[in-house]
Amino acid sequence: MIKATFKALQKKWNSYKYRFVPWIAVNLGKNERTLRQVMDRTQDKLVSDEEISASLRTFFRALFKSSLQRQQEVLSVLPDSLRSTYQAFPYTIETQKSLDGHHDPSKVMLETMGFSIHRAPSSLQSAGTGVFISAGTVPQGATVAMYPGTVYYAHEPIFFQSIRNPFIFRCIDGVLVDGNDRGISKVVFRSCSGRDRLGPFQMSDTSWLTTIPQNPLAVGQYVNNCSNEKAANVCYQEFDVPAEFPLELCQFLPNVNYRHEVQRPLRCVVLVALREIHQGEELFSNYYTIVH
């Protein structure tokens with residue numbers, strides 16, 4: 001009985017430790033491959049925020065065009081010039097198929113970004129779910145995934161959501177992103193998302209809480225940290241969504257602020273490719289070390 005209980009606890013620990021901050025801190029120095037050093041927190045970006053924003057806009061526009069059947073309410077309130085742009089002749093045969101009711105975000109991702117990703121059991125022993133390249137090749141510097149969830153700033157309540165929650169990401173400035181798609185975290189995200197809706201415009205995407213996200217990038221919370229055996233091929237990068245981000249494309253953003261404040265930007269966390277990543281490879285993230 002005791003042996004069985006111990007084995008169950010050990011299995012749980014082996015799955016959890018890769019997201020347990022104290023364990024990560026103790027094991028950081030064991031292999032330099034797990035570290036990415038920067039001279040200052042302002043220098044932690046591999047690519048510019050403008051490049052990330054442009055990449056997301058391009059992909060989100062493709063997702064929008066590929067799902068025009070369910071975008072009619074949004075299209076009806078857009079300016080004529082913008083509406084005609086979205087209603088122009090579909091850009092590929094695959095998109096035309098999607099307009100006929102076969103919408104597949106992963107195919108849109110492959111056409112637009114040159115690769116697609118999916119969740120599957122990790123190659124790390126007892127690490128649970130991981131994220132793999134389904135098709136195509138990820139070029140170095142590309143945005144390969146997004147870390148979804150509710151965004152908490154300092155002094156905002158997250159105690160109950162954090163209990164037994166391995167999916168809370170801490171940004172370099174202390175902002176927290178709760179990427180748990182279950183329990184209290186799930187309820188909080190849905191509530192905040194509904195609160196922020198502006199008429200026909202959804203200001204965030206709730207489909208990442210399901211097994212079929214409309215934005216296939218929104219699986220970053222399942223990317224495992226690298227180990228001594230598995231070197232990192234992606235790293236986290238934070239950016240604030242610019243105020244001029246197209247309103248009709250906000251429906252694909254997998255993040256929402258816990259508190260709604262007009263002057264507060266929406267924090268997003270993306271994973272950027274450190275090198276070229278090929279089909280079949282699993283994504284592994286590394287850690288930041290700030291050197292003052």
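Which residue in S11 is the bridge partner of Val234? That partner is Ala273. The model is a predicted one, in which local features need pLDDT of at least 70 and side-chain atom pairs count only at pLDDT 80 or more, while totals for chains, interfaces and linings use all residues. Residues are numbered from 1 along each chain as its sequence is written, and side-chain values use heavy atoms, leaving out hydrogens and water.

**Confidence**
- The protein has a mean pLDDT (the predictor's confidence in each residue, from 0 to 100) of 86, and 82% of its residues reach 70 or more.
- Residues 31-36 have pLDDT below 50, yet this stretch has 27 contacts (heavy atoms within 4.5 Å) in the model beyond near neighbours in sequence.
- Where pLDDT is low, predicted coordinates should not be read in detail.

**Strands S9 and S11**
- Strands are DSSP runs of E with at least two residues, and helices are runs of H or I with at least four, numbered from the N terminus.
- Strand S9 (residues 234-240) has six of its seven residues buried (under 20% relative accessible area, 1.4 Å probe, protein chains only).
- S9 pairs (at least two DSSP bridges) with S11 (residues 267-273) in the antiparallel sense over seven bridges.

**Nonpolar cores**
- The largest nonpolar core (buried Ala, Val, Leu, Ile, Met, Phe, Trp, Tyr and Cys residues joined through side-chain atoms within 4.5 Å) holds 56 residues, of which Phe60, Ile117 and Val144 touch the most other members.
- Elements that each supply at least two residues of this core include H3 (49-65), S9 and S11; its largest share, seven residues, comes from H3.
- Another core, of nine residues, lies apart from it and includes Tyr152, Val188, Phe189 and Cys192.

Technical notes
Buried means under 20% relative accessible area, exposed over 50%, partly exposed in between (1.4 Å probe, protein chains only).
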